[in-house]
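Please walk me through this protein model, beginning with the middle of its sheet and ending with the ligand. Plain language is enough.

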Amino acid sequence: MKVIGINGSARKDGNTALILRLVFDELESAGVETELIQLADLEIAPCRGCFSCRGKSNCVFQDDGFCSVMEKMIAADGILLGSPVYSADVSAKMKALLERAGVVAAVNPGLLKHKVCAAVAAVRRGGGLAAVDTMNHFFLNKEMLLVGSTYWNMVYGREIGDVLSDAEGVANMKNLGRNMAWLLEKTAARYSGR
Ligand SMILES: Cc1cc2nc3c(=O)[nH]c(=O)nc-3n(C[C@H](O)[C@H](O)[C@H](O)COP(=O)(O)O)c2cc1C
């Protein structure tokens with residue numbers, strides 16, 4: 001089983017990467033393979049709204065980083081989205097990914113069905129819940145299996161590494177990882193081949 005984590009931050013290896021890795025640590029302890037994709041390494045343009053992806057299972061525009069990320073989302077058993085809070089919501093990079101993946105999956109129903117998923121946000125002070133909700137909205141109309149923890153999935157920090165001082169947020173990320181691993185194991189036989 002494999003979970004991909006997508007870091008929507010423009011700052012590679014920053015706080016969002018750190019909290020995604022906290023979730024990964026628990027998944028890996030349970031034997032789940034992980035891969036981190038950092039959108040800081042990729043250009044992803046917004047959706048052009050052409051709907052030419054109908055029946056094609058990926059975007060027709062292959063001149064940026066989107067299609068390779070979409071292929072990995074389709075191949076994975078689980079998807080973990082992470083974004084820093086920018087302007088009280090997800091980053092523009094994450095929003096562009098959600099627009100394009102959302103349309104590809106909408107016009108090709110079932111593409112992401114039954115994948116285990118969760119969203120996390122790194123936030124300095126305000127907008128964490130809105131960012132988590134934005135990513136959850138993507139999951140919830142694609143028939144995906146959304147995993148929760150004991151608090152909403154935001155961790156507080158500004159400078160790189162600050163998030164590791166948010167003890168409650170760190171504990172919540174670890175519990176989220178264990179809950180994802182639990183659901184992956186429970187659904188593995190039923191949805192093998194997803
Ligand atoms: C463009 C930009 C906008 C931001 N907007 C907010 C905001 O609205 N609310 C907030 O609490 N923090 C905001 N922040 C701070 C980041 O969310 C915070 O530093 C976060 O830990 C960055 O994660 P990263 O290291 O993964 O990029 C903003 C940062 C940037 C660069």
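Strand β4 is largely enclosed by the rest of the structure, because eight of its eight residues are buried. In this predicted model, a residue counts as buried if 20 or more other C-beta atoms lie within 10 Å of its own. Burial applies to both faces of β4. Val116, Ala118, Val120 and Ala122 lie on one side, while Cys117, Ala119, Ala121 and Val123 lie on the other.

The pairing of β4 with other strands comes next. Strand β3, residues 78-84, runs parallel to β4 and is joined to it by seven bridges. Within this pair, Val116 of β4 has Gly78 opposite it. The two strands also belong to a β-α-β unit: β3, helix α3 (residues 92-107) and β4 form it, and it is right-handed.

Strand β5, residues 145-146, also pairs with β4 in the parallel sense, here over two bridges. Val116 appears in this pairing too, standing opposite Leu145 in β5. A further parallel partner of β4 is strand β6, residues 154-156, with three bridges. Here Ala121 has Met154 of β6 as its bridge partner.

These elements fit into a longer series. The protein has five helices and six strands. Read from the N terminus, their order is β-α-β-α-β-α-β-α-β-β-α.

What radius of gyration would a compact globule with 194 residues have? It would be near 16 Å, and the protein has 16 Å, so the two agree. Along the principal axes, the C-alpha atoms fill a box of roughly 45 × 40 × 25 Å. Across the 194 residues of the protein, 43% count as buried. Contacts can also be sorted by how far apart their residues lie in the sequence. Among contacts with a separation of 6 or more, 76% are between residues 24 or more positions apart.

The last topic is the ligand. Which elements each supply at least two residues of the shell around the ligand? They are α1, residues 15-29, and β4, residues 116-123. The enclosed strand described at the start is therefore also one of the elements that supply this shell. There are 19 residues around the ligand, and those that come nearest are Ser9, Gly14, Thr16, Pro84 and Arg124. By type, the shell divides into seven nonpolar, eight polar and four charged residues.

Terms used: Residues are numbered from 1 along each chain as its sequence is written. This is a predicted model: local features need pLDDT of at least 70, side-chain atom pairs count only at pLDDT 80 or more; totals for chains, interfaces and linings use all residues. A residue is near a molecule or strand if its C-beta atom, placed from the backbone, lies within 6 Å of it. Helices (H or I, at least four residues) and strands (E, at least two) are DSSP runs, numbered from the N terminus. Ala, Val, Leu, Ile, Met, Phe, Trp, Tyr, Cys and Pro count as nonpolar, Asp, Glu, Lys and Arg as charged, and the others, Gly among them, as polar. The radius of gyration is taken over C-alpha atoms; the globule rule is 2.2 Å times the number of residues to the power 0.38. A residue is buried if 20 or more other C-beta atoms lie within 10 Å of its own, exposed if 12 or fewer, and partly exposed in between; C-beta atoms are placed from the backbone. Two residues are in contact if their C-beta atoms, placed from the backbone, lie within 7 Å. Two strands pair if DSSP finds at least two bridges between them. A crossover is right-handed if, with the strands pointing away from the viewer, the path from the first strand over the helix to the second runs clockwise.
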